[in-house]
Each structure stands twice: as C-alpha cells, then as structure tokens.
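Okay, thanks everyone, let's get going. I'll put the model up and then walk through a few spots in it.

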Amino acid sequence: MPELNVLLPMLALIVLIGGIAGVLAGLLGVGGGIVLVPAFFYVLQSLGYDGPQLMQICLATSLATIIVTSARSVHAHNKKGAVDWEILRTWAPGIMLGAVLGVILVSQLRTVTLQMIFGGLALLVGLYLGFGRSDWRLGESMPRGIKRAVLSPMVGFLSVLMGIGGGSFGVPLMTLHGRPIHKAVATAAGFGLLIAVPSVIAFLFVDIAQNRPPLTIGAVNVAAFGIVVAMTLITAPWGVRLAHAMDPKPLRRVFAVFLVVVALNMLRKALWG
C-alpha cells in the first residue's frame, strides 16, 4: 500500500481535475479526454512519476473514463432519438480496428514521442474549434466504400494516440459531411465507446516496467479512473446548466485558445524538456 503522503496529494489533485473536466464537458460539449490527458501528465509528473511510459498511463486512464461517460451520453441521446445507429454499425469495425492498432503503437513509444503526437493533434483540434465554421462541407453524405474503410480506422487510431473519445474527430467528420450537429454529437458519443472499450482492454495488458503510480493495473490508473468518473458525473450537469444560462460560443473560442496553449506547451516540453 502506498504511503499516505504520496497517495493523498495525487487523489486530491485528481478530484480537482475530474471536477473541471466534467464542467467543461457539460458547458462546451468537448470530451473530457482532451483535458484529462495533459492534466494527468502534469499532476503525475509533478508527483515524481515522470518516466518513459508516463504518457501511456495518461492515455489509457483517460480512455477508461470515456467508457463510462460515453455510455451515459449515448443512453441520454438515444432517448431523444439523436443517435444514428446506421453510422455506428457501419463505422464500428474500422474504428475498433484502428483503436487496437493505436494501442499497439502507443505501447511501443516513449513519453516524449507521445507528447509530440498529442501536442500536434491537439493543436489541430484547437485551431478547428477556434476557426471552424458550421457551414463547411466536404460532402452531403457520410463516406462509404474505400473512403470509409480508410477514414474509420483513422478515427480510432488517432483518438487512441490522444487518449480521447469520438468527439474531437467524429463531430467534425460528420458535420463536414452534412450531418446535423445534434446528430453528430450524439453519434460521436457512440464512437467514444467503440474506441475506448477495445483500447482499454488492450491497455490492461501493457506492462509499465518502472515508476508506476499507486493503484495502476497495466497502463490504467484505477484510482484516477474512479475519482474522475465520480466527479464528472457530479459536475457535468453544472456545466450543462451554465451552457443554458449563457452563450457558449465565446467560451468555446476561449477553450480553443486554452487548448492551443496546452498543445504548444506539450510540444515545448517534448522538444526542449
């Protein structure tokens, strides 16, 4: 059993992280993973768990929380008839394959490389959030055939490399192909489940050889998973109420700036330490 002077600061900081992630998810409709991964990284690093496999722990633990939050989200959206089950059914095999391939790659990479990947992809997501327009289109229907066979594994693969669910890539993909935003958000929650379930199962068998935080199984930190899920379930409704009380669009741009700063800082640390 880890000493309390090690465990208690870690748990206290994770409580704070989970609460903030829940509010942002409810307020802005962004997945918690894009907040959780850098938060886990900075907290665990500051507590002395900096090592070549630290990012693997951050990615795996973030994805574990997405199983619960995505399942809850799909259930809520399905009650309103917003989930497009045809898209989920036809995109599921490719997304799940890409997720497993993502775990295989992540398990072979060191923290510095994963920091650079996360930073680069998060920078793109932040720029899209800040400058993307709702009327942008790549087509009027979702890709099929060869295009779907290429894009669906990419969604799962890139999401695992960032430790995120389906929202950051799935929502833009669907809206750019003519799906209404409420349908895209609801269906992307299903993408999150398709990404998180197989990847977390695989991450449970990844061996973290050194400097593991307390209560870690494979690459998943069970303590962080449990606390973050509990906190997001409490605080996400607060964010939803705030979203109805104010215009979230300016806040979305503020979050985009925040995400760009986080991404650039992650790249800075990877390149220069």
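So, cavities. How many of 30 Å³ or more does a search of the whole structure find? The search turns up 1. Keep in mind that this is a predicted model. The largest cavity comes out at about 30 Å³ in volume. Its lining is made by Y49, G51, P52, Q53, L54, I57, Q210 and N211. Sorted by class, that lining splits into 4 nonpolar and 4 polar residues, with no charged ones.

Now look at who sits around those residues. T111 is a good place to start. T111 belongs to helix α5, and with a relative accessible area of 4% it is buried, since the cut-off for that is under 20%. Its side chain reaches over to the backbone nitrogen of L54, at 2.9 Å. Once you set aside the neighbours within four places in sequence, T111 has contacts with F41, G51, P52, Q53, L54 and M55. You'll remember G51, P52, Q53 and L54 from the cavity lining.

Next, D50. Where is D50? You'll find D50 in the loop that runs between α2 (33–46) and α3 (54–79). Is D50 buried, partly exposed or exposed? Its relative accessibility is 42%, so D50 counts as partly exposed. The D50 side chain makes a polar contact with the side chain of Q45, at 3.2 Å. Leaving out neighbours within four places, the contacts of D50 are L44, Q45 and N211. That N211 contact is a nice one to point at on the screen: D50 and N211 are 161 residues apart along the chain, yet their C-alpha atoms are separated by 7.4 Å. And N211 is one of the residues lining the cavity.

Okay, over to the pockets, and the second largest one in particular. Its volume is about 350 Å³. The elements that each give two or more residues to its lining are α5 (111–131), α6 (145–162) and α7 (167–176). There are 14 lining residues, and S168, F169, P172, L173 and L176 are the ones nearest the centre. Which element gives the most to this lining? That would be α7, with 5 residues. What about the chemistry? The lining has 12 nonpolar residues, 2 polar and no charged.

Let's stay on α7 for a moment. Why say that α7 is largely enclosed by the rest of the structure? Because 8 of its 10 residues are buried. The buried ones are F169, G170, V171, P172, L173, M174, T175 and L176. Among the elements that cover them are α4 (85–106), α5, α6 and α8 (181–203). Just past the helix, α7 is followed by G178, which has a positive phi, near 85°.

Last bit, the core. In soluble globular proteins, nonpolar side chains tend to be buried together. Here the largest nonpolar core has 76 residues, and I34, V160, M162, F191 and F203 have the most contacts inside it. Take F191 from that group. Leaving aside its neighbours within four places, F191 is in contact with I87, L88, W91, I95, V155, G166, G170 and M174. Two of those, G170 and M174, are also on the list of buried α7 residues.

That's my tour; happy to rotate the model if anyone wants another look.

Notes. Residues numbered from 1 in each chain as written. Predicted model: local features only at pLDDT ≥ 70, side-chain atom pairs only at ≥ 80, totals over all residues. Heavy atoms only, no water. 1 Å grid on protein atoms, 1.4 Å probe; cavity = no way out; pocket = protein on both sides within 12 Å on 5 of 7 lines; lining within 4 Å. Points joined across faces, edges and corners; volume = space filled by probe spheres on them. Helix = DSSP H or I, 4+ residues; strand = E, 2+ residues; numbered from the N terminus. Nonpolar A, V, L, I, M, F, W, Y, C, P; charged D, E, K, R; others polar. Buried < 20%, exposed > 50% of the residue type's maximum accessible area, 1.4 Å probe, protein only. Polar contact = N/O pair within 3.5 Å; in protein donor to acceptor, adjacent residues only side chain to side chain. Contact = heavy atoms within 4.5 Å. Core = buried A, V, L, I, M, F, W, Y, C linked by side-chain atoms within 4.5 Å.
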